[in-house]
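Take a look at the sequence and the model below. The text after them goes through the structure one part at a time.

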Amino acid sequence: MFESIISPLKGSLTICESPVQQGNLTGIPRRVRDNCAELYNLVQRWNVLQIQGYGLLREITGVQQERMNANEADDGSNDRQTFSTGLQQKCDALLRVVSDLSSINAKMRLSTAQFESLVSLNALESSFDRHESGDSCATDTNATLPVFHTWTLSDYADTSRSLSAAYDRDLQLKTDVADAAAHVRSSDAAFFILAAWSHQPHLDDRLQLQLEAMLTESGHRYKLNK
C-alpha cells in the first residue's frame with residue numbers, strides 16, 4: 001500500500017543542447033546545467049534506495065512479527081536465536097541502505113555549495129566589470145539576469161539549498177527508523193516505522209515542483225529519457 005506514494009519522476013538525465021542557448025555551453029551556464037542534471041540523478045538514486053529500504057523494512061517487521069508470535073507461545077526463549085539467524089542480516093542491509101542515502105545527501109549538499117560558489121563568482125565578476133568601467137555605483141545587473149529562461153543564479157542556489165535541506169531531514173528520519181527497526185515490540189510500532197520510511201513527510205509535492213521547475217528552467221525537462 002505504501003509503494004503508491006513512493007516517488008516522482010522516472011528516467012535518467014543527460015547533458016544536451018539547450019533549447020534557449022544554442023551551441024555548446026561554457027562557463028557558468030554549462031556548470032548550472034551540469035549541476036541540475038546531477039541533482040536530478042541523485043534524486044533518482046535516492047528513490048531506488050528508498051524502495052529497497054522499504055522492502056527490507058517489510059522483511060524485518062515480518063521477522064519481528066514471527067518473533068512476537070513465538071514469544072506469545074512460550075516464555076521468550078527463542079527470541080535471541082530468531083534475531084541471530086535472520087534479523088541481524090536484514091538490519092545490517094538496511095543500515096547499508098541508510099549509509100548510501102547519506103552519501104547521496106552529501107553530494108546534494110556539494111551541489112548546493114557549487115551553486116553558491118557560482119553566485120559568489122558572478123558577483124565577483126560584476127564587481128570587477130564595474131571597477132574596469134570606472135562606475136562603482138552601477139547596478140549589479142548580472143545578479144538579476146536569467147541564466148536560461150527566467151531564473152537567476154540565486155534562484156538555482158535557493159532551490160538547491162531547499163532540496164538538500166529537505167533530504168537531510170528525511171535522512172535523519174530514516175536513520176532513526178533504521179536504528180529502531182530491530183527493537184520493534186508491537187504490530188503498531190511495526191506499522192509506524194513502515195509508514196515513516198515510506199511516506200517521506202519532509203519530501204512533499206512542493207519540493208517535487210521545485211525540482212521540476214529547475215529542470216524546465218535549465219532546459220532539461222524535455223530531455224528526460226522515458
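A good place to begin is glutamine 200, which is found in the loop between H4 and helix H5 (205-217). The model is a predicted one, and in it this residue has a backbone angle worth a look. Glutamine 200 has a positive phi of about 50°, although it is not a glycine. Most residues other than glycine have a negative phi. In the chain, glutamine 200 comes after H4. Is glutamine 200 buried or exposed? Its relative accessible area is 7%, and a residue counts as buried under 20%, so glutamine 200 is buried.

The helix before this loop, H4, covers residues 187-199. Its length can be checked with simple arithmetic. H4 has 13 residues, and at 1.5 Å a residue these should span 18 Å. The expected span takes 1.5 Å times one less than the number of residues. In the model the end C-alpha atoms of H4 are 18 Å apart, so the two values agree. The buried residues of H4 are Ala190, Ile193, Leu194, Ala195, Ala196, Trp197 and Ser198. Trp197 returns below.

Now step back to the whole chain. How many helices and strands are there in the protein chain? There are five helices and zero strands. Read from the N terminus on, the elements run α-α-α-α-α. The chain has 226 residues, and 39% of them are buried. The accessible surface comes to about 12,100 Å², and carbon and sulfur atoms account for 52% of that area. Contacts can also be sorted by separation in sequence. Among those between residues at least 6 apart, 83% join residues at least 24 apart.

The confidence of the prediction should be kept in mind. The mean pLDDT of the protein chain is 80, and 72% of the residues reach 70 or more. Confidence is lowest in helix H2 (residues 79-133), with a mean of 83, and highest in helix H3 (residues 153-181), with a mean of 95. That comparison concerns the elements of the chain; some stretches have other values. Over residues 1-10 the pLDDT stays under 50, and the model has 26 contacts beyond four places in sequence for this stretch. Residues 14-20 are also below 50, and they have 19 contacts in the model beyond near neighbours in sequence.

Next come the places where helices meet. Glycine 53 lies in helix H1 (residues 27-73). Its relative accessible area is 0%, so glycine 53 is buried. Which residues does glycine 53 touch, not counting those up to four places away in sequence? They are Leu94, Val97 and Trp197. The C-alpha atoms of glycine 53 and leucine 95 are separated by 8.9 Å, although the two residues are 42 residues apart along the chain.

One of these partners, valine 97, lies in helix H2. Valine 97 has a relative accessible area of 6% and is therefore buried. Not counting residues up to four places away in sequence, valine 97 touches Leu49, Gln52, Gly53, Leu56 and Trp197. The C-alpha atoms of valine 97 and threonine 175 are 9.8 Å apart, with their positions 78 residues apart along the chain. Trp197 thus appears in the contacts of glycine 53 and in those of valine 97. Tryptophan 197 has a further partner: lysine 174 lies over the face of its ring, at 5.0 Å from the ring centre.

The last topic is the aromatic rings. A pair of aromatic rings is described by the distance of the centres and the angle of the planes. A search of the whole structure finds three aromatic pairs. One of them is phenylalanine 115 with tyrosine 156, which are stacked, at 5.9 Å centre to centre and 15° between the planes. This pair links distant parts of the chain: phenylalanine 115 is in helix H2, tyrosine 156 is in helix H3, and they are 41 residues apart. Tryptophan 151 and tyrosine 156 form another pair, this one edge-to-face, at 5.1 Å centre to centre and 70° between the planes.

Phe115, Trp151 and Tyr156 form one aromatic cluster. Phenylalanine 115 is buried, as is tyrosine 156. The relative accessibility of tyrosine 156 is 0%, so it counts as buried. Tryptophan 151 has a relative accessible area of 15%, and is therefore buried too.

Note on methods: Residues are numbered from 1 along each chain as its sequence is written. This is a predicted model: local features need pLDDT of at least 70, side-chain atom pairs count only at pLDDT 80 or more; totals for chains, interfaces and linings use all residues. Side-chain values use heavy atoms; hydrogens and water are left out. pLDDT is the predictor's confidence in each residue, from 0 to 100. Helices (H or I, at least four residues) and strands (E, at least two) are DSSP runs, numbered from the N terminus. Contact means heavy atoms within 4.5 Å. Buried means under 20% relative accessible area, exposed over 50%, partly exposed in between (1.4 Å probe, protein chains only). Accessible areas come from the Shrake-Rupley method with a 1.4 Å probe; for residues, only the protein chains shown count as cover. Rings of Phe, Tyr and Trp (its six-membered ring) pair if their centres lie within 6.5 Å; planes under 30 degrees apart count as stacked, over 60 as edge-to-face and the rest as tilted. A charge sits over a ring if NZ of Lys or CZ of Arg is within 6 Å of the ring centre and within 35 degrees of the ring normal.
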